[in-house]
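Hi everyone, thanks for coming along. I'd like to walk you through one structure today, so please have the sequence and the 3D view ready.

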Amino acid sequence: MSHPEQHRGRWRPRLDRPALVALLFGLAGVVYRLVLTLFTVPVSNSDEATFGLAALHIGQGREHPVFLYGQHYMGMLESYLAAPLVAVFGPSWPVLRLPMLALYAVFLYLIHRLTRRLGTPWFAAFVVGLLALGPERVVRDQLTVVGGRPEVKPAVLLMLLITVGLAVGTVHRRRLAIGLFGLLVGLSVWSDWLILPYLAVAGLALVWAVRRELLGWSGLLLVAGVVVGVAPMIVDNLRAGPGEDSLSVFREVSTKAGPQPPWSDRVRGGLLEGVPLAHGLCPVDGCGRWQQWFGVLYPVLLLAGAALAVLAYRRAAGAPRGERSGRAAEALRGERVGPVVQLALIAGAALTLLSYVRSPLAATSPLDNARYLSVLQLSLPAVLWPLWVVALTAWRGTSSVLGRFTGALSAAVLAALTVTTLVITVLFATTGTAPSRTEERQARELAAALRADGPHEVYGDYWTCNRLIFNTDESVVCGVLDGDLSPGQNRYRPYWRQVGRAERPGYVVEVDSPMDRRLRRLLADRADATPVREVGGYRVYHPDTPVRPWR
């Protein structure tokens with residue numbers, strides 16, 4: 001990656017050309033996302049606002065939540081990362097998202113380091129270039145504070161780099177490194193269970209690399225690290241009532257009753273919609289047929305990547321087992337760790353995809369749920385490596401006529417992947433940000449109007465309430481109602497109770513929404529006499545007496 005260079009008595013690192021190109025790609029990706037962050041693109045929502053309100057409460061010392069308010073399975077690590085910034089600068093979307101931007105930069109750095117270890121320097125630069133691009137679906141998963149994915153991806157990459165370093169002998173404080181591996185596992189389990197397939201294969205890779213060391217103090221440090229990382233989750237579950245522990249709640253959420261779509265529909269939704277969306281090949285509103293080709297190719301690339309890794313592992317066999325010295329066995333482990341990690345990345349992607357297509361949501365709502373496949377970016381180096389190897393071999397002229405044809409086809413696939421991602425990114429950056437900016441402006445107008453003129457205790461729908469509370473720094477408090485004006489999903493119950501005690505609460509509803517029409521019917525002859533004003537696509541009602549039909 002770099003070479004030492006003496007300059008006026010100092011030794012300074014000098015980047016080689018591939019590393020410099022990767023650095024430029026990475027800086028472009030970070031600056032692009034910084035601009036989006038400053039303009040609050042993608043648009044904020046009440047889920048993200050709930051994390052922001054938790055960060056506000058943490059920074060003020062009012063609350064120390066383990067899980068997202070109203071849940072028992074989504075960890076709050078992102079809120080704790082944002083809490084110091086929110087405490088200093090106050091609640092705002094750019095401030096809330098800045099830690100996610102930092103995590104993205106760490107992700108790029110770590111995947112570059114790992115890809116150089118597993119492949120070649122130019123291939124690592126190519127992977128960073130692809131990951132620097134990002135249409136809405138991709139940057140939404142990277143920048144918005146909605147739990148889990150931005151932090152667990154760097155954690156897995158660091159685990160795999162630790163494994164590689166232990167195998168090749170470049171890690172000197174081996175026990176501390178193994179303890180750090182365990183801590184990352186524990187934090188990832190607490191943060192987001194979607195990463196469990198990758199944690200499993202990363203753990204197997206570690207066991208392969210240092211299985212003898214794990215029988216002593218290193219193994220104890222590994223377990224201790226896991227326990228420390230997952231301790232908040234353990235403590236919360238020990239206090240939870242029957243059926244309120246994380247496993248019970250997650251099982252209930254994951255197994256909704258109703259008819260199960262056929263496997264063919266779930267596989268089609270997972271491969272043809274989910275995989276291209278997760279890799280930035282489609283706009284957020286769905287994939288055209290010409291953009292679904294990568295989903296069809298993806299299982300083939302997984303198989304090819306696995307076969308290539310197995311071949312590389314077997315070629316590193318060296319001397320027969322009985323003739324190897326201890327040093328030779330260590331050298332052999334260092335040669336084989338690359339293929340082992342590649343197999344781990346392939347297996348992690350396959351298990352994640354299999355887990356996703358088991359869910360009916362893969363068939364019934366593939367656009368909304370493609371976010372659950374964003375962790376597949378971890379496996380991009382292993383998935384694209386066969387295409388790179390075949391294309392490079394053909395370019396060097398060391399293959400047959402069939403090999404050169406296959407190499408040209410592989411190069412065409414890599415070029416098509418790059419061009420498609422670039423086109424979708426440019427379209428989003430130039431024309432796709434306007435709706436987000438318009439919606440965000442309307443939300444700010446509503447918050448400013450209520451903050452200045454009231455009412456300060458209001459009812460609204462789920463997607464209005466917590467965003468409104470965050471935008472007003474809790475000077476306006478909102479209770480969630482469903483469309484029929486019955487109590488809705490109030491994640492933080494103190495807000496609901498505060499609005500419930502108000503003598504004259506207001507009502508914030510979208511213009512001509514079902515809630516708007518229902519409210520006017522309940523107001524009956526008072527509707528025309530009730531103070532009402534329109535702000536940013538919303539109607540704000542402030543009746544003399546409250547309308548609470550659930551009472």
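Let's begin with a term: I call two cysteine sulfur atoms a disulfide if they lie within 2.5 Å of each other. As a chemical reminder, a disulfide is a covalent bond between the sulfur atoms of two cysteines. Please keep in mind that this is a predicted model, where local features need pLDDT of at least 70 and side-chain atom pairs count only at pLDDT 80 or more, while totals for chains, interfaces and linings use all residues. Residues are numbered from 1 along each chain as its sequence is written, and side-chain values use heavy atoms, with hydrogens and water left out.

So, how many disulfides does a search of the whole structure find? It finds two. Counting bonded cysteines along the chain, they follow the pattern 1-2, 3-4.

Take C282 and C287, whose sulfur atoms sit 2.0 Å apart. The angle about the S-S bond is 105°, and this link is right-handed. Are these cysteines buried or exposed? Both C282 and C287 are buried. By buried I mean under 20% relative accessible area; exposed is over 50%, and partly exposed is in between, using a 1.4 Å probe and protein chains only.

The other disulfide joins C465 to C478, again with an S to S distance of 2.0 Å. Here the angle about the S-S bond is -45°, and the link is left-handed. C465 lies in helix 20 (residues 462–471) and C478 in strand 4 (residues 477–480), so this pair ties together parts that are 13 residues apart in sequence. A word on naming: helices (H or I, at least four residues) and strands (E, at least two) are DSSP runs, numbered from the N terminus. C465 is buried, at a relative accessible area of 0%, and C478 is buried as well, at 1%.

Let's stay with strand 4 and look at its surroundings. Strands count as paired if DSSP finds at least two bridges between them. Strand 3 (residues 457–460) pairs with strand 4 in the parallel sense, over four bridges. Which residue of strand 4 is the bridge partner of V458? That is C478, the cysteine that is disulfide-linked to C465. V458 also has a bridge partner in strand 5, namely G506. Strand 3 and strand 5 (residues 506–510) pair in the parallel sense over two bridges.

Follow the chain through strand 3, helix 20 and strand 4, and you have a right-handed β-α-β unit. Right-handed here means that, with the strands pointing away from the viewer, the path from the first strand over the helix to the second runs clockwise.

Now for charges. I count a salt bridge when a side-chain nitrogen of Lys or Arg is within 4 Å of a carboxyl oxygen of Asp or Glu. The structure holds 15 of them, and I've picked a few.

Helix 20 comes back here, through R467. The side chains of R467 and E439 meet in a salt bridge, 3.3 Å from N to O. This pair links distant parts of the chain, with R467 in helix 20 and E439 in helix 19 (residues 434–453), 28 residues apart. R467 counts as buried at 4% relative accessibility, whereas E439 is partly exposed at 33%.

Helix 19 also has a salt bridge between E445 and R441, the closest N and O atoms being 3.8 Å apart. These residues are four apart in the helix, so about one helical turn separates them. E445 is partly exposed at 37%, and R441 is partly exposed at 41%.

My next example is D516 with R539, where the closest N and O atoms are 2.4 Å apart. D516 lies in helix 22 (residues 514–523) and R539 in strand 7 (residues 538–541), so the pair ties together parts that are 23 residues apart in sequence. Both ends are buried: D516 has 1% relative accessibility, and R539 has 15%. Which residues make up the salt-bridge network around here? D512, D516, E534 and R539 are linked in it.

One more contact to find on your screens: P232, in helix 10 (residues 217–239). P232 and G75 are 157 residues apart in sequence, yet 9.0 Å apart in space, C-alpha to C-alpha. P232 counts as partly exposed, at 26% relative accessibility.

That's my tour, and I'm happy to go back to any of these spots.
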